[in-house]
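Hi,

Here is the structure I promised to send over. Have a look at it first, and then read on for my notes.

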Amino acid sequence: MSELVPIVDYLVLTDSSYLEANECSECSARFFDRRNACAACGGTSFTRTAISNQAVLTSFSIVHRAAPSVPVPFVSAIVKTDDGTSVRSNVVGLDDPMDAELGMKLVLTTYSCGVDDDGTECIAFGYEPA
Amino acid sequence: MSDSIWIIGANMTKFARYEDEDAVDLASKASLEAMSDAGVSIHDMDVLAAGTLFQASTSMGQRIQKQIGQTGIPAYNVSNACATGATAVRTVYLSIKAGEAEMGIAIGVEQMGKMGLLSGATKQERNTFEPSGRYGAVMGVDGFLGTETMPGVFAQAGMQYAYENEGVGFEQFARVAYKNHQHSTLNPLAQYQKEFSLEEVMSAPVQSYPNTLLMCCPTGDGAAAVVLVSEKKLRTLPLETQRRAVKISASVLTSDPYVESGQVQPDVNTLTRNAANQAYEMAGLGPEDLDLVELHDCFATAELIHYDNLGLCEPGGAGDFIDSGKPFRDGGMPVNVSGGLISKGHPIGATGVANIYEVATHLRGEAGDRQIEGAKVGLAHVIGLGSSCGIHILEKAS
């Protein structure tokens, strides 16, 4: 079996994969990248926190034109997880991109998005209808 | 005597794609014309600010000086995304406010040609998946983790508004572009001056739904310049210059404050609302006092949400506002009578100066076929993703 790597380091690959954020110890603001200080309150202490996999679609765009190597169309999405964190990803698992609907309930899923020369497989995340 | 700052000269080149002239030529032309319009010369300038985004590291200000006059004054090279031009204007404004200068020129310029999508970099087809960057990405994520392209990002800004408010959908967004294309037919300086039916706008190729091709601004080339002066200096200038002068009643620049969703979707709303509130307070005016607005319609979805952000409509009522026809040039609250970025074009560094040129020209009663009759107060707004918002409120000399 090939080695798996997440597409970004805030995706934690397990039997039920999930996203993880740096949460400000003072105000609970969450950040997917490292912060020198909290953009919301200026606090400098953070803890790693798991993000809920359940979410609602709060905005999307059906992208038909992108860089040549990006397959189109795809549904770019902004979702809000049940624990109040906004995430940018794609809506996947729709028969037709036009089936995307504001407010639809979604759940995080993972899929393979390529294999490198060493046989390492990259795993991306998306959101599919719940 | 008030310490107001005034515009006494303004000019913009036609926005287009220029093959035989470079950015320095375009900027120099706009600068010389703006100074000529003001009846002054480079020897009257105490400060110069030059805004460009894609040539930000090329000493644009000094390169312009070598074309229009090297007088040794301070030259500020300004870059602030799509708010670059407004930031250049504000740089001169602040120099005069600080008492370091009595008169100065702000220039915005860009040469983009057919640059196409401005972001959403091509995926790196790496041979090995090595984490890099602040998110430890092992490959380009555009197309996997949402879109990085501007039509898509601004589509999402509009769709977020549609999620939160009633009466907003594809047709409302399309109507914005229908309006601006219609307006552009009266503006000889616009990159495109072609009217399209609402149906044509809606059936054009989809770029990033709901934005079709005709709902996206083009890339292009162009320059604009304004000459600013202190009130004290203005009163020493010829009466005709004073009569045509336009007062800067508010000059505001904001950045995006923290919002929860900001790390995944740029928030173009809060900083615009903050800037608008500050500008109205500074000017002692409200949205009901505006005779025309030039706002940042990089995409049709963007214009619609700024009706609400700038207080032009009832809260949540941007859909009704466009459906009612109010932002059309004869609708009572004219928005983007220049054709907006969608038709006039968006050479990025020039845009935030060109908006001010447009408003000032109407206030002077010199806008020709597209003149908004009797215009006394106008607002110019730009947004640069990242983010930065510049707002200027201008008033006709009384």
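Which residues of α5(B) and α10(B) meet each other? Before I get to that, please keep in mind that this is a predicted model. On the α5(B) side they are B:Q172, B:F173, B:V176, B:A177, B:K179 and B:N180, and on the α10(B) side B:A300, B:T301, B:E303, B:L304 and B:Y307. If you want to find the two helices, α5 covers residues 170-184 of chain B and α10 covers residues 300-309 of chain B. Their axes come within 8 Å and cross at roughly 100°, so α5(B) and α10(B) count as roughly perpendicular to each other.

While you have α10 of chain B on screen, look at B:A302, which lies in that helix. B:A302 has a relative accessible area of 0%, so it is buried. Leaving out residues up to four places away in sequence, B:A302 touches B:F154 and B:H296. You can also check B:A302 against B:V268: 34 residues separate them in sequence, and their C-alpha atoms are 8.6 Å apart in space.

Now the salt bridges. Over all chains, the structure holds 19 of them. The general idea is that side chains of opposite charge can pair when their charged atoms come close. I picked out three for you.

The one to start with is in chain A, where A:E23 forms a salt bridge with A:R30 and the closest N and O atoms are 2.8 Å apart. Are these two residues buried or exposed? A:E23 has 16% relative accessibility, and because buried means under 20%, it counts as buried. A:R30 is buried too, with a relative accessible area of 16%.

Next, in chain B, the side chains of B:D37 and B:R244 meet in a salt bridge, at 2.8 Å from N to O. B:D37 sits in helix α1 (residues 23-38) of chain B and B:R244 in helix α8 (residues 239-244) of chain B, so this pair ties together parts that are 207 residues apart in sequence. B:D37 is partly exposed, with a relative accessible area of 23%, while B:R244 counts as buried at 15% relative accessibility.

The last of my three is also in chain B: the side chains of B:E240 and B:R243 meet in a salt bridge, again 2.8 Å from N to O. Both residues lie in helix α8 of chain B, three residues apart, which is about one turn of the helix. How accessible are they, then? B:E240 counts as partly exposed at 44% relative accessibility, and B:R243 is exposed, with a relative accessible area of 53%. Back with B:D37 and B:R244, salt bridges that share partners join those two, B:R364 and B:E366 into one network.

For chain A as a whole, here is what I have. How many helices and strands does chain A contain? There are zero helices and ten strands, so if you walk along from the N terminus you pass through β-β-β-β-β-β-β-β-β-β. The C-alpha atoms of chain A fill a box of roughly 45 × 40 × 30 Å along the principal axes. Chain A has 130 residues, and 51% of them count as buried. Of the contacts in chain A with a separation of 6 or more, 46% are between residues 24 or more positions apart. The accessible surface of chain A is about 5900 Å², and 45% of that belongs to carbon and sulfur atoms.

A residue to click on in chain A is A:T58, in strand β6 (residues 54-63). A:T58 is buried, with a relative accessible area of 9%. Setting aside its neighbours within four places in sequence, A:T58 is in contact with A:I78, A:V79, A:K80 and A:L102, and also with B:M159, B:Q160 and B:Y163.

Finally, a surface feature on chain B. Which residues make the nonpolar surface patch of about 240 Å²? The patch is made by B:F54, B:M115 and B:L118. B:M115 lies in the loop between β4 (103-111) and α4 (150-164) of chain B, and B:M115 is partly exposed, with a relative accessible area of 33%.

Cheers

Definitions and conventions: Residues are numbered from 1 along each chain as its sequence is written. Chains are lettered from A and ligands numbered from 1 in the order in which they are written. This is a predicted model: local features need pLDDT of at least 70, side-chain atom pairs count only at pLDDT 80 or more; totals for chains, interfaces and linings use all residues. Side-chain values use heavy atoms; hydrogens and water are left out. Patches are made of residues with over 30% relative accessible area and no salt bridge: like charges are joined within 9 Å, nonpolar side chains (Val, Leu, Ile, Met, Phe, Trp, Tyr) within 5 Å. Accessible areas come from the Shrake-Rupley method with a 1.4 Å probe; for residues, only the protein chains shown count as cover. A salt bridge is a side-chain nitrogen of Lys or Arg within 4 Å of a carboxyl oxygen of Asp or Glu. Helices (H or I, at least four residues) and strands (E, at least two) are DSSP runs, numbered from the N terminus. Buried means under 20% relative accessible area, exposed over 50%, partly exposed in between (1.4 Å probe, protein chains only). Axes are lines fitted to C-alpha atoms, for helices over the stretch in contact, and angles run from 0 to 180 degrees between N-to-C directions. Angles under 35 degrees count as roughly parallel, over 145 as roughly antiparallel, 65 to 115 as roughly perpendicular and the rest as oblique. Contact means heavy atoms within 4.5 Å.
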